[in-house]
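Q: I have a structure open here and would like to talk it through with you. Could you take my questions as they come?

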Amino acid sequence: MDYKKTKAPKNTITRDMNQLTEKVGNVYETVAIIGKRSNQIANALKRELDGKLQDFSQPQDALDDAYENKEQIEISRSYEKLPKPTLIATQEFIDGELVYRIGSKDDQLKNI
């Protein structure tokens with residue numbers, strides 16, 4: 001998923017927990033679902049950023065360092081401007097884009 005095109009807010013928004021828990025029926029399960037998805041998003045963003053910055057880890061001439069440093073800063077800033085993984089996961093939960101499983105493997109997947 002392209003997290004740069006997400007419609008999640010960049011600032012924290014107060015949410016009504018009653019509306020969030022309607023789909024699942026339990027506050028703790030709702031928080032657990034959003035938390036696990038948030039960790040997945042954070043790990044994906046970290047891998048993506050590390051992959052982009054790994055190109056710059058090779059030692060080169062001192063003249064090229066200034067140019068590469070600017071590129072590194074641009075890449076880092078673009079990731080800093082993204083919404084937090086928790087906000088992205090919450091927006092996915094609200095939009096019904098998450099699929100989760102509660103209980104044993106025999107239970108069916110629930111699409112919210």
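Q: What share of the contacts with a separation of 6 or more comes from residues 24 or more positions apart?
A: In this model, which is predicted, residues 24 or more positions apart account for 67% of the contacts with a separation of 6 or more.

Q: And which elements does the chain run through, from the N terminus on?
A: The order is α-α-α-α-β-β, that is, 4 helices and 2 strands in the protein.

Q: How much of the protein is buried?
A: Of the 112 residues, 28% are buried, and the accessible surface comes to about 8,300 Å², with 48% of that surface belonging to carbon and sulfur atoms.

Q: What about confidence, which elements have the lowest and the highest mean pLDDT?
A: Strand 2, residues 110-111, has the lowest mean pLDDT among the elements, at 62, whereas helix 4 has the highest, at 92. Over the protein the average is 81, and 79% of the residues score at least 70. Where pLDDT is low, the predicted coordinates should not be read in detail.

Q: Let's stay with helix 4 then: is it mostly covered or mostly open?
A: Helix 4 is mostly covered, with 8 of its 11 residues buried. Those buried residues are Pro 85, Leu 87, Ile 88, Ala 89, Thr 90, Gln 91, Glu 92 and Phe 93.

Q: What do they pack against?
A: The buried residues of helix 4 pack against helix 1, which spans 17-21, and against helix 2.

Q: What follows helix 4?
A: Gly 96 follows helix 4, and the phi of this glycine is positive, near 80°.

Q: Gln 91 caught my eye in that list; why does it count as buried?
A: Gln 91, which lies in helix 4, residues 85-95, counts as buried because its relative accessibility is 13%, and the cut-off for buried is under 20%.

Q: Which residues does Gln 91 touch?
A: Leaving aside residues up to four places away in sequence, Gln 91 touches Lys 7, Ala 8, Pro 9 and Arg 15.

Q: Moving to helix 2, where I was looking at Leu 45: what does Leu 45 touch?
A: Not counting residues up to four places away in sequence, Leu 45 touches Tyr 3, Tyr 79, Leu 82 and Pro 85. Pro 85 is also one of the buried residues of helix 4. Leu 45 itself counts as buried, since its relative accessibility is 12%.

Q: How far apart are Leu 45 and Leu 82?
A: They are 37 residues apart in sequence, and in space their C-alpha atoms are 9.9 Å apart.

Q: Different topic: how much space lies in the largest pocket?
A: The largest pocket holds about 290 Å³ of space. The elements that give two or more residues to its lining are helix 2, 27-54, and strand 1, 99-100, and helix 2 supplies the largest share of the lining, 6 residues.

Q: Which residues line the largest pocket?
A: The lining is made up of Glu 29, Ala 32, Ile 33, Lys 36, Arg 37 and Gln 40, together with Glu 97, Leu 98, Val 99, Tyr 100, Arg 101 and Ile 102.

Q: And how do the lining residues divide by character?
A: The residues of that lining divide into 6 nonpolar, 1 polar and 5 charged.

Q: Arg 37 is in that lining, so is it buried or exposed?
A: Arg 37, which is found in helix 2, counts as buried because its relative accessibility is 17%, with the cut-off at under 20%. The C-alpha atom of Arg 37 is separated by 8.0 Å from that of Thr 86, and the two residues are 49 residues apart along the chain.

Methods: Residues numbered from 1 in each chain as written. Predicted model: local features only at pLDDT ≥ 70, side-chain atom pairs only at ≥ 80, totals over all residues. Heavy atoms only, no water. Buried < 20%, exposed > 50% of the residue type's maximum accessible area, 1.4 Å probe, protein only. Contact = heavy atoms within 4.5 Å. 1 Å grid on protein atoms, 1.4 Å probe; cavity = no way out; pocket = protein on both sides within 12 Å on 5 of 7 lines; lining within 4 Å. Points joined across faces, edges and corners; volume = space filled by probe spheres on them. Nonpolar A, V, L, I, M, F, W, Y, C, P; charged D, E, K, R; others polar. Areas by Shrake-Rupley, 256 points an atom, 1.4 Å probe, with all protein chains shown as cover. pLDDT = per-residue confidence, 0-100.
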